[in-house]
Amino acid sequence: MRKLLFYARLAAQNLRKNSIFYGPNLLACSLCTALLYIVRFLTYSDMVRTMRGGASVGVMLSLGTLVLTVMVLSILIYANGFIMKRRQKELGLYNILGMEKRQVGHVLILESFFMAVLSVVLGLATGILFSKLALMGLLRLLQFDVPLGFSVCLRGMMETAIIVGLIFLLLILRNLWILHLSRPVDLLHSGNVGETEPRSRKLMALIGLVALLTGYVMAVTIQNPITALSTFFIAVILVIIGTYCLFTAVSVVVLKALRKNKRFYYQPRHFTAVSGLLYRMKQNAKGMHNICILMTMLLVTISTTVCLYAGSESSLNAMYPDKLSMTAHLEPEELNKPYCEKLRESFLRWAGENDLPTDTFKDRLLLEFSVLRTEDGFTTDQSDSNLYVTSTATNLYLFSCMTLEDYNRLTGEAMTLDKGEVYCYANTAISLGDTLRLDSKAWHIRGMLPSMTLSAGHDGLAMLSAGIIQVIVPDEASLLELYALQSQAYGSAASTLDYSMTLNPDLPDEHLEAIYKTLPSEIRTWGLALSYSASCRSAFRNDYYGMNGSFLFLGLFLGLAFLIAAVLMIYYKQISEGYEDRARFVILQKVGMSRREVRATIRTQVLMVFFVPLLMAAVHMSFAFPMISRLLSLFSLNNVSLFLLCSLITFLVFALVYVAVYLVTARKYYQIVRL
């Protein structure tokens, strides 16, 4: 018992003595613990689970717990590695004074135990304090009223404590293993081991440049959203590799070039700064790389989720252009006017029974199918592979076809077509010429439409395609000809003829949603044996806002976690370099360098490396912008200006935070190195 109390007192004393290291670590761990508890609290909240769209929110929150756990683990591993490196001499001294490794291990275990208990207690207290505020914020994002009252989630507290406890257990095992492999003499003299001057690594610089440019080219040139989705992580990995190689190799070349510049180098502040950075560039490169990647992740996460939420209404309108719609999927033998008229009459009768105004009623017959772009036209040829499998190809297009009669009736035009003629519109920069060719068929293009007045019906096919070609054919016979062509090519995967009816009454969303639920479960109720699909914009609004609100909420939480990790890395990097430079600056001050010159040297040294990660993160974000914009189109968000605005605001806000961190850490660095 006495030994245990002795080890406990020694562990507590070590924590106090090394508070400059353990203090920020405790703060970061407590904040991460609070974030974990808040996410678990919201996951188990009855208010969140029972509201409309709660299922989407629950899935997103569970995913957020996993990502946050990984982030907490990475943050604590980094902080623990830094602390253990700084304490190597102290641990070696314990061995020299007679303590066995087993006894030193007991002290390390108790230190980690105290840190875990403090982190859990402070983190849970903070999480409980701010959980109601987080619930209010989430409900506001989801456009729900905020209830009164305050509650604590015991299950969330237990799960959070278990997660943090397991992470600290991993850290304890890691520290004990490092202690087991170490030699007391090596630990005692670890602080005297310096780095040699790094060599210029041309091969590493070349590899980094190729990897970075390849990732940039992929991000800028890929046009298809599905291709962008499948290659996004490949581009990310290439950029990460390129960033590390360039920081390591190019920074050495730049510093050596500055050293050769005698006018710049032989000044007190430049001489000390350049030489100090050059001899520990390997360590600096790793730190700058990690900080740069974290900042890029923060910028991408927050700007993307903010843009998704800000553009929710426009995305919803793009996915559901009509307030209420019903689409019957017809076979060719069912395509006759009496049949469609019976379906129209049944739909209008249902609308009248539910007091829906029918002055906005519209109907149309539509055929949509995918084709591949060829040198002189388009083809349905599947000899290479199935079109739906090769949907990542940039030459995949969607044909959206309707009759001239429907087009004129819906647009109020009085256009005419002869047999073998079509009107066309392409939503991409593609030249169709005077003739539209599809396999062995050809139609003369009488004119190009100024815009696609009617949106494509199949959003899924539209998102998979490089573009949409709208084709207006003379009559139903021409439409059936196209149907037979694609049906023969695609077999069971062929598209159907879709007869769509829409209404856009000026009614409250709640009223329209209640009426939508009265639609018959089967269209057979109307005496018509065919399949159909129906949609109501207001019915999907809650789920959609629930999904995007969850994205934004988790984006802000993950952004805060990335910020904590970046600030902690910056802090430890500055503290570490301060202790390494202390002896050098003490000597320089003893031989005549003034405090003013020390401050100028510190300012030069910090500025040389501190703002490079921020600048590089801005460059990464700039090149990633086109690819992320295309990924956002998968959510029917095509407002590039909105995403640009969100990105700029996010960067400016973070740049201000970054400058504040610079001021604090530079001051701490100066306090360490001065006499």
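How many bridges pair β2 with strand β3 (residues 378–379), and in which sense do the two strands run? The answer is two bridges, in the antiparallel sense. Keep in mind that this is a predicted model, so let's start with how confident the predictor is and then walk through a strand, two cores and a helix.

**How far to trust it**
- Across the protein chain the pLDDT averages 78, and 77% of the residues score at least 70.
- Confidence peaks in strand β7 (residues 441–448), with a mean of 89, and bottoms out in helix α17 (residues 459–464), with a mean of 55.
- Watch out for residues 384–393, where the pLDDT is below 50. Even so, this stretch makes 21 contacts in the model beyond its near neighbours in sequence.

**Strand β2 and its partners**
- β2 covers residues 362–373, and ten of its twelve residues are buried.
- Going from β2 to β3, the chain makes a hairpin through four residues. Here Arg 373 sits opposite Phe 378 of β3.
- Strand β4 (residues 396–403) pairs with β2 as well, antiparallel, over six bridges. One of the matched pairs is Val 371 with Tyr 397 in β4.
- Then there's strand β9 (residues 497–503), which is antiparallel to β2 and joined to it by six bridges. Look for Leu 367 facing Leu 497 of β9.

**The nonpolar cores**
- A handy rule of thumb: in soluble globular proteins, nonpolar side chains tend to be buried together.
- In this model, the largest nonpolar core has 107 residues, and the ones touching the most other members are Leu 42, Leu 68, Phe 168, Phe 553 and Tyr 658.
- Helix α20 (residues 537–590) supplies the largest share of that core, with 17 residues.
- Another core lies apart from it, with 49 residues that include Trp 350, Phe 361, Tyr 483 and Leu 507.
- Zoom in on Leu 42: leaving out residues up to four places away in sequence, it touches Val 48, Leu 61, Ala 134, Leu 135, Leu 138 and Phe 553.

**Helix α7, checked with a ruler**
- Helix α7 (residues 154–181) has 28 residues, so at 1.5 Å a residue it should span 40 Å. Its end C-alpha atoms are 41 Å apart, which agrees.
- Which residues of α7 are buried? They are Gly 156, Thr 160, Ile 163, Val 164, Ile 167, Phe 168, Leu 171, Ile 172, Asn 175 and Leu 179.
- You've met one of these already: Phe 168 is among the residues that touch the most other members of the largest core.

Key:
Residues numbered from 1 in each chain as written. Predicted model: local features only at pLDDT ≥ 70, side-chain atom pairs only at ≥ 80, totals over all residues. Heavy atoms only, no water. Buried < 20%, exposed > 50% of the residue type's maximum accessible area, 1.4 Å probe, protein only. Pairing = 2+ DSSP bridges. pLDDT = per-residue confidence, 0-100. Contact = heavy atoms within 4.5 Å. Core = buried A, V, L, I, M, F, W, Y, C linked by side-chain atoms within 4.5 Å. Expected span 1.5 Å × (residues − 1).
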